[in-house]
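Subject: Structure handover and notes

Hello,

Here is the structure for you to take over. My notes on it follow below.

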Amino acid sequence: MKSTLSLLIAIVCVFTVQAQSQDPNTSSPVSLSLKECIDYAVKNSAAAKNAHIGVALQKAQNAEVTGRTLPQISAEGKYTQFIDIQKMFIPGAFMGLPTNDYIPVAFSPKLSSVGQINASQLLFNGSVFVALQARNTLMLLARQKETMSLEEIRYNVQKAYAALLVAQKQYAVLKSSLALVHQSTQDLETTYKNGLVEKIEVSRMQVQQSNLESDSLNLANMIQLSESLLKYTIGMDLNTPIVLSDNIETCTQDAETLLFKETDLENNSNIQLAKTAVRLMEYDLKRYRFEGLPTLAAFGSAGYNRSGNDLDGIINKPYPGFSLVGLQLTFPIFDGLQRYNRVKAAKLNLQKAENDLENARLGMQFQTQTARTTLANALKTAESRKRTMDLATDVLTLAQKKYKAGVGSNQDVVLAQSDFLKAQSTYFEAVLSIVNAKADLEKAAGLLK
């Protein structure tokens, strides 16, 4: 996790330097809603592209399996020239010699050429038969993996988009507070010069201003990092300027409705993937069992053969042709118990897949319950912190009015300002928790498809 974060920060820094070297007015910002970000990510992110490629790859592999059931045709040409012709020994009695003598005789010409076409057709093979049955399930598995990848993309985009929104909102509030503090500091310095306030009050306000400036700078850097992370997540060039068109309320809408919505855990991609894995293990077991059945294939060949002791003989002599057809039936008898052990291993793998399915169901139940509880707590916390923030706003407004009227102290304004910013920060943290818990619940319930 630390190495991934370091990599992202390095990427952001590189592209930030590049972006600063360009004219910011060369292109207008791209306005993006949350839905537009998700749609863009589904089309352009590397994870989405690889997910689509996975489906295409499975189609190609299925076509390869289908090809094993089609006729297999090949052409063959062969030319042979013996440097030393291999000889066979025949008894000398054939030539009137003593019976214990053998004479080496060459039965092959020096030159020979063969051209032929071979064809075969698999009629029955247990393993291939099961592989054909498993094609649709394998394609289903590929599409489920694609769906899971796209769900993960939507999940990550939601969180990255909301994080940037919250950071921008916090920054806007902080800048507004900084402007007020800056003005108050200037007014206080003027009042101090007139001898109406003590130096400590000016120093206290300057410290507040300095803290806000530091916080503002840190938050500006966080916004830049969050924006680059969002672009990275959706597969957009980091130099492209963007503007978020949605607000925080858009990201948190329907959260309370979702909290009480009935969900079917069987729609969860992890469970669906585990169920498909069980079916594939069943096909695997069936495939190894069918290996014990005989294999039947048809074959045929046709061609021409020409031989001679020189090229003229090969070229001018007529081609003697040949052809044949046949059936080949292969019975497996004993393979050293290999098939038996493959069947045994397939049964164990099937048991593991069934256990994984049951564990996936339990895991999704746990994740759903956890997400519901987290979301409920986040909603209550946000509501409570919203009241606190509103109260802190009222206190700050009153403190500023009293100070301007000359009946309040500068210290009261500083404390009220600090309490307001703290309340504002904790409120937005709660809002971000709502977004994250909502995304967790939607993912666990299979609602991000």
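In these notes, two residues are in contact when heavy atoms of theirs lie within 4.5 Å. Please keep in mind that this is a predicted model.

Two neighbours in α5

By that cut-off, leucine 140 touches Thr276 and Arg279, with residues up to four places away in sequence not counted. Leucine 140 sits in helix α5 and is partly exposed, at a relative accessible area of 34%. Its C-alpha atom is separated by 9.1 Å from that of valine 55, a residue 85 positions away along the chain.

Leucine 141 is also in helix α5. With 15% relative accessibility, leucine 141 counts as buried. Leaving out neighbours within four places in sequence, the contacts of leucine 141 are Leu273, Thr276 and Leu280. Thr276 therefore appears in the contacts of leucine 140 and in those of leucine 141, by the cut-off of 4.5 Å between heavy atoms. Leucine 141 and leucine 229 are 88 residues apart along the chain, and their C-alpha atoms are 30 Å apart.

Overall dimensions

The protein has 12 helices and 8 strands. How does the radius of gyration of the protein stand against that of a compact globule of 449 residues? The globule would come out near 22 Å, whereas the protein has 40 Å. Along the principal axes, the C-alpha atoms fill a box of roughly 145 × 50 × 40 Å.

Of the 449 residues, 32% are buried. The protein exposes about 27,100 Å², and carbon and sulfur atoms supply 56% of that area. Taking contacts between residues at least 6 apart in sequence, 81% join residues at least 24 apart. On charge, there are 46 positive and 42 negative side chains, and the centres of the two sets lie 6 Å apart.

Helix α2

Helix α2 covers residues 34-44, and its residues Leu34, Cys37, Ile38, Ala41 and Val42 are buried. They lie on the same side of α2, because they cover an arc of only 135° around the axis. Lys35 and Lys43, on the other side of α2, are exposed.

Which elements do the buried residues of α2 pack against? They pack against β1 (30-32), α3 (46-67), α5 (135-193), α6 (199-234) and α7 (248-252). Helix α5 in that list is the helix that holds leucine 140 and leucine 141.

Loops on either side of α7

Asparagine 247 is in the loop between β6 (242-244) and α7. Is asparagine 247 buried, partly exposed or exposed? Its relative accessible area is 38%, so asparagine 247 is partly exposed. From C-alpha to C-alpha, asparagine 247 and lysine 159 are 13 Å apart, with their positions 88 residues apart in sequence.

Aspartate 254 lies in the loop between α7 and α8 (255-259). At 53% relative accessibility, aspartate 254 counts as exposed.

Positive phi values

Most residues other than glycine have a negative phi. Aspartate 254 has a positive phi, near 65°. Leucine 337 also has a positive phi, near 65°. Leucine 337 is in the loop between β8 (321-330) and α11. Its relative accessibility of 46% makes leucine 337 partly exposed. Both residues are thus in loops, aspartate 254 between α7 and α8 and leucine 337 between β8 and α11.

Alanine 371 in α11

Helix α11 spans residues 338-404 and includes alanine 371. Alanine 371 is buried, with a relative accessible area of 5%. Which residues are in contact with alanine 371, once neighbours within four places in sequence are left aside? They are Ala437, Asp440 and Leu441. The C-alpha atom of alanine 371 is 9.0 Å from that of leucine 259, and the two residues are 112 positions apart along the chain.

Regards

How values were computed:
Residues are numbered from 1 along each chain as its sequence is written. This is a predicted model: local features need pLDDT of at least 70, side-chain atom pairs count only at pLDDT 80 or more; totals for chains, interfaces and linings use all residues. Side-chain values use heavy atoms; hydrogens and water are left out. Buried means under 20% relative accessible area, exposed over 50%, partly exposed in between (1.4 Å probe, protein chains only). Helices (H or I, at least four residues) and strands (E, at least two) are DSSP runs, numbered from the N terminus. The arc is that of the directions from the helix axis to the C-beta atoms. The radius of gyration is taken over C-alpha atoms; the globule rule is 2.2 Å times the number of residues to the power 0.38. Accessible areas come from the Shrake-Rupley method with a 1.4 Å probe; for residues, only the protein chains shown count as cover. Lys and Arg count as positive and Asp and Glu as negative; His and the chain ends are not counted. The place of a charge is taken as NZ of Lys, CZ of Arg, CG of Asp or CD of Glu.
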